[in-house]
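Here are a few exercises to work through with the model open beside you. Try each one yourself before reading the solution.

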Amino acid sequence: MDLRRVKEYFSWLYYQYQIISCCAVLEPWEQSMFNTILLTIIAMVVYTAYVFIPIHIRLAWEFFSKICGYHSTIAN
Amino acid sequence: MANPGGGTVCNGKLHNHKKQSNGSQRRNCTKNGIVKEAQQNGKPHFYDKLIVESFEEAPLHVVVFTYMAYGIGTLFGYLRDFLRNWGIEKCNAAVERKEQKDFVPLYQDFENFYTRNLYMRIRDNWNRPICSAPGPLFDVMERVSDDYNWTFRFTGRIIKDVINMGSYNFLGLADKYDESMKTIKDVLEVYGTGVASTRHEMGTLDKHKELEDLVAKFLNVEAAMVFGMGFATNSMNIPALVGKGCLILSDELNHTSLVLGARLSGATIRVFKHNNTQSLEKLLRDAVIYGQPRTCRAWKKILILVEGTYSMEGSIVHLPQILALKKKYKAYLYIDEAHSIGAVGPTGRGVTEFFGLDPHEVDVLMGTFTKSFGASGGYIAGRKDLVDYLRVHSHSAVYATSMSPPIAEQIIRSLKFIMGLDGTTQGLQRVQQLAKNTRYFRQRLQEMGFIIYGNENASVVPLLLYMPGKVAAFARHMLQEKKIGVVVVGFPATPLAEARARFCVSASHTREMLDTVLEALDETGDLLRLKYSRHKKSARPELYDETSFELED
């Protein structure tokens, strides 16, 4: 019962995505093509984020902590 | 103390606000004083009527998504065009023959880009054939397409009893035969169907004279002339009224017939912002001060072209301000009352009556009989010398066949019905029922949270949809699931980002029908997420009638 509700919700969400992005008026092969391209782009973005964001955050944290550390030594 | 909605302070503030916005001389008059002054002047006070219009802006994300959707559609359009050009896909649109490839192109490929790639995909929502009278309920022929809307075929089935929210049937007079139409049968027996001549030759019947006298009496003007086609009334008569050396100031959103007539006339055309009296005043001042472009001579005539009710926006023209401007700068005014005659005003006489103004102040009153009278054709009314001039010089009178006699009789019957000359008050009741239906419909839609454009008294209700995908989904859903026929409009009839559904409320819609439609709209609005309005409740002040305002002393 809950699974059905969840499935209905997702199919409603997919329908919303279709009418907002004009997919509802495209032919089926165009829809598949558009969905494939969009999912590919999203997958690439997610992968890049997964690989690079922790490293960037660590580097930024070191950079700022060095500056704040510099300030605190000057103050002392 | 019981207050009719809102506190004393609120009412007091409201009343002061209304008074201050008048700018007239009755500043400190009491209620009785106001009434007395109206009686002294003999003119009704149109300043009392606040023009309540709303043109709400869409939320930002909606606009972004709309443009994004059009962008995706355009990209796919390019892809499909590429495939069609390179022969990978069959081209269903019109193309030239191979032998003509080197000639001057007949079909400009890019101009039809939008039609070919976007409109074709959702084309099944337009040009739907119907097979009954366009009354409050009608029958739609079912049709399907096998190749994505390039061709259609009828399945043979008929979708019966679809609620009609699309026909311009404001007073419900466009309906099947009933006993009151007996006079039309008699006229058909005596006169036949065709006139087979133009007005100048042998096409002026006594029916036309009777109709013209009745129209003049209805509008309270000196004379009127009727023509066989509403569009042709505008496009063929404006060239007869203005010519080279004249100036036409036309509203941004005027109908194509007015634009065509203005262009055919050869006069200079300047456009002012929709219903914007400041823009019009600026143009008038420039015209009077600087005159014609190169020679700086005075303009021979300045004609202001407006419509009574604009059907795409649902707005009513700001007539009092425009009349004031016209008098100040000595211009002429031409009002096209196609959608407002019979539908607006306490007895259906149009925008002049709606604002309580004298119809003699407008120079040319034009209207059509298609919308509220259930017939076809148009009229031009005004002073007798104007109409006599048009009788001689109008292109329509010289070249176009005159109005068919049964149609003329239908208009005569409708006019008598509305004016009450047939002995009943049903006509007046219908006009009032239309006003009630309009206000109810608009108010409920606004409460539900849709974005509605226009004046609260206009019976054409545009409901904004914005996204092209939603436009198609809305129209299909309403017809197939809910059995309600609606008209949706998109580019190029409206701006690109403002696609809308346009409802025409009719006096023959019963309260139950309207409630059915409103419920269906509610559900569809939730399904498609169309409720963009950010003012959930009606934020505008109610119009309180002066005489019922008991708390004033």
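**Exercise 1.** Is C246(B) buried or exposed, and which cysteine sulfur is closest to its own?

*Solution.* Keep in mind that you're working with a predicted model. Start with accessibility: C246(B) has a relative accessible area of 3%. The cut-off for buried is under 20%, so C246(B) is buried. Next, look for a partner. The closest cysteine sulfur belongs to C296(B), and it is 17 Å from the sulfur of C246(B). A disulfide needs the two sulfurs within 2.5 Å, so C246(B) and C296(B) are too far apart for a bond.

**Exercise 2.** Now try C68(A): which accessibility class does it fall into, and how many disulfides turn up over all chains?

*Solution.* The relative accessibility of C68(A) is 52%. Exposed means over 50%, so C68(A) counts as exposed. As for disulfides, searching the whole structure gives zero over all chains.

**Exercise 3.** Classify the ring pair F369(B) and F373(B), then find the cluster that it belongs to.

*Solution.* To set the scene, there are 16 aromatic pairs over all chains. In the pair of F369(B) and F373(B), the ring centres are 5.6 Å apart and the planes make an angle of 75°. Edge-to-face asks for over 60 degrees, so this pair is edge-to-face. Both F369(B) and F373(B) are buried. Now follow the ring pairs outwards: they join F218(B), F369(B), F373(B) and Y379(B) into a cluster.

**Exercise 4.** Which rings have R143(B) and R511(B) sitting over them?

*Solution.* Take R143(B) to begin with: its charged end sits over the ring of F152(B), 4.1 Å from the ring centre. Then turn to R511(B), which lies over the face of Y440(B) at 3.8 Å from the ring centre.

**Exercise 5.** Describe how domain 1 and domain 2 of chain B meet.

*Solution.* Mark the bounds before anything else: domain 1 of chain B covers 53–164 + 424–535, and domain 2 covers 179–419. Their contact draws 22 residues from domain 1 of chain B and 20 residues from domain 2 of chain B. The C-alpha centres of the two domains lie 29 Å apart. Then turn to area: about 1,600 Å² is buried between domain 1 and domain 2 of chain B, with carbon and sulfur atoms giving 60% of it. Finally, check for charges: one salt bridge is found across this interface.

**Exercise 6.** How far apart are the closest N and O atoms of R500(B) and E313(B)?

*Solution.* The distance is 3.1 Å. The cut-off is 4 Å, so R500(B) and E313(B) form a salt bridge.

Key
Residues are numbered from 1 along each chain as its sequence is written. Chains are lettered from A and ligands numbered from 1 in the order in which they are written. This is a predicted model: local features need pLDDT of at least 70, side-chain atom pairs count only at pLDDT 80 or more; totals for chains, interfaces and linings use all residues. Side-chain values use heavy atoms; hydrogens and water are left out. Buried means under 20% relative accessible area, exposed over 50%, partly exposed in between (1.4 Å probe, protein chains only). Rings of Phe, Tyr and Trp (its six-membered ring) pair if their centres lie within 6.5 Å; planes under 30 degrees apart count as stacked, over 60 as edge-to-face and the rest as tilted. A charge sits over a ring if NZ of Lys or CZ of Arg is within 6 Å of the ring centre and within 35 degrees of the ring normal. Domain bounds come from an automatic or database domain assignment. Contact means heavy atoms within 4.5 Å. Buried area is the accessible area (1.4 Å probe) that two parts lose on being put together, summed over both. A salt bridge is a side-chain nitrogen of Lys or Arg within 4 Å of a carboxyl oxygen of Asp or Glu.
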